[in-house]
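Trainee: I would like a close look at one part of this model. Please pick a single helix and walk me through its surroundings.

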Amino acid sequence: MKMDRRQFLSSSSMLVSAGALGAAAGTLADTAGARGAEIAPHKYRLVATEEAFATTEQANSFRQLAATQWHDPDVVMWRGFLSNEPLLNKLLDLEHERLSIMDQTGVDMHVLSLTAPGVQMLDADAGTAMAESANDMLAEVIKRHPTRFAGLASFAPQDPSRAAKEIERAMGKLKLNGLIVNSHTNGEYLDDPKFYPIFEAAVAHDAAIYIHPRNLPEHADDILHGALNLDGAIWGFQVETGVHAMRLIVAGVFDRYPSLKIVLGHMGEALPYWLYRIDYMYNVYTSRRPELRKIKGKPSEYVKSNFLITTSGVNFHPTLKYCHEVLGPENIMFAIDYPYQESAEAAHFMQTAPLPAADMEKMTHANAERIFHIAPPAAS
Ligand code: MN
């Protein structure tokens, strides 16, 4: 029965997963005025911080995985990407359609990152090599378009010490702007001390780490998958990435690395919404069992001091106003989630947010310039 169910799901889930990263993936009308979104007046400089690309090498490696019977949810998701030619073209393109959509929608800069799950499904050698070549390519394209692109470096947590070396090379020699990791690696999370060399390198090079979602590990994804379609970006991504952030907090990673900066997309993967309950229950549970308490402060204090969130995929003013009130304007950055969501709608949402102009300057670009070491445009 189980096999029958999974086989059925693997055929139906291509459609599901093509849409899982965002409704736009199905229709791909990410052009000016898509879905009726107006083009916003260009009031604030827009630096978009979670903008995906793929390399041919990455697509080819997923083509090989997709040809197997493997039902890992990220492989299933990539079967969807590979069969969706307009989406795949948008991921592989950096300098043509992407730039013209940015121009049409008033987006000044994309902070680029290799799309999920990055290099994290490969073995350590292949993952390390692919991260290096993707970072080289990113550095080249940024060199050609220094005012339009910045980039977050990939690394392979499968080999933490070589990951640390690549972080050093990417932030030093390649002058990339920060780091991207697609949440868990083979079901393991970065609070495991074996990954600490990654944090040490990140802190040494003042590199913020963007923890981007990916699908849950295969066994855990079973509760979300199937006819209800709760895997992917509707629920699974934010739950899994939120868990990753919580693990880092309660494990004491930020007491060990106080200057470490973690970036979460999707308005903070629900953490801001649950702050009160997280603090309340952390206190209840650790009062009963003091051995569980591994951190000096309240969980919410680390969310405010060590995390920034981005607006990716949540073009909704009430959520932005709430996060602005709870986390402050220093801790929020604009993002689109190109090409999975529409640039016009995201730009319009951001340019028209009903918040003070000084705070809008921070959220639309100044925080990104500060956190990701992006030079502000020369004064005209
Ligand atoms: Mn994304």
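Mentor: What follows is a look at helix α8, its packing and its salt bridges, with a short word on the metal site.

Keep in mind that this is a predicted model. Start with the geometry. Helix α8 covers residues 160–171, twelve residues in total. At 1.5 Å a residue, α8 should span 16 Å. Its end C-alpha atoms are 16 Å apart, so the span agrees with the expected value.

Next, burial. Pro160, Ala163, Ala164, Glu166, Ile167, Ala170 and Met171 are buried in α8. Viewed down the helix axis, these buried residues fall within an arc of 165 degrees, so they line one face of α8. The general rule helps here. An α-helix has 3.6 residues a turn, so residues three or four places apart point the same way. What do the buried residues of α8 pack against? They pack against two helices, α7 (124–144) and α9 (196–204), and against two strands, β3 (149–153) and β4 (178–181).

Now the charged contacts. Side chains of opposite charge can pair when their charged atoms come close. The model holds 15 salt bridges. One of them joins Arg162 and Asp125, at 2.5 Å from N to O. Arg162 sits in helix α8 and Asp125 in helix α7, 37 residues apart, so this pair links distant parts of the chain. Arg162 is partly exposed because its relative accessibility is 30%. Asp125 is exposed, at 52%.

A salt bridge also pairs Asp136 with Arg169, at 2.9 Å from N to O. Here Asp136 belongs to helix α7 and Arg169 to helix α8, with their positions 33 residues apart in the chain. Both ends are partly exposed: Asp136 has 33% relative accessibility, and Arg169 has a relative accessible area of 22%.

Beyond α8, Asp191 forms a salt bridge with Arg247, with the closest N and O atoms 2.8 Å apart. Asp191 lies in the loop between β4 and α9, while Arg247 is in helix α11 (residues 236–251). Asp191 is buried at 13% relative accessibility. Arg247 is partly exposed at 35%. Back at α8, salt bridges that share partners join Asp125, Asp159 and Arg162 into one network.

Last, the metal site. Glu50 (OE), His212 (NE2) and Asp337 (OD) coordinate the manganese ion, at 2.0 to 2.2 Å. His212 is buried, with a relative accessible area of 9%. Asp337 is buried too, at 5% relative accessibility.

Note on methods: Residues are numbered from 1 along each chain as its sequence is written. This is a predicted model: local features need pLDDT of at least 70, side-chain atom pairs count only at pLDDT 80 or more; totals for chains, interfaces and linings use all residues. Side-chain values use heavy atoms; hydrogens and water are left out. Donors are N, O and S atoms within 2.8 Å of the metal (3.2 Å for Na, K and Ca); water is not among the atoms, so sites may look incomplete. Buried means under 20% relative accessible area, exposed over 50%, partly exposed in between (1.4 Å probe, protein chains only). Helices (H or I, at least four residues) and strands (E, at least two) are DSSP runs, numbered from the N terminus. The expected span of a helix is 1.5 Å times one less than its number of residues. The arc is that of the directions from the helix axis to the C-beta atoms. Contact means heavy atoms within 4.5 Å. A salt bridge is a side-chain nitrogen of Lys or Arg within 4 Å of a carboxyl oxygen of Asp or Glu.
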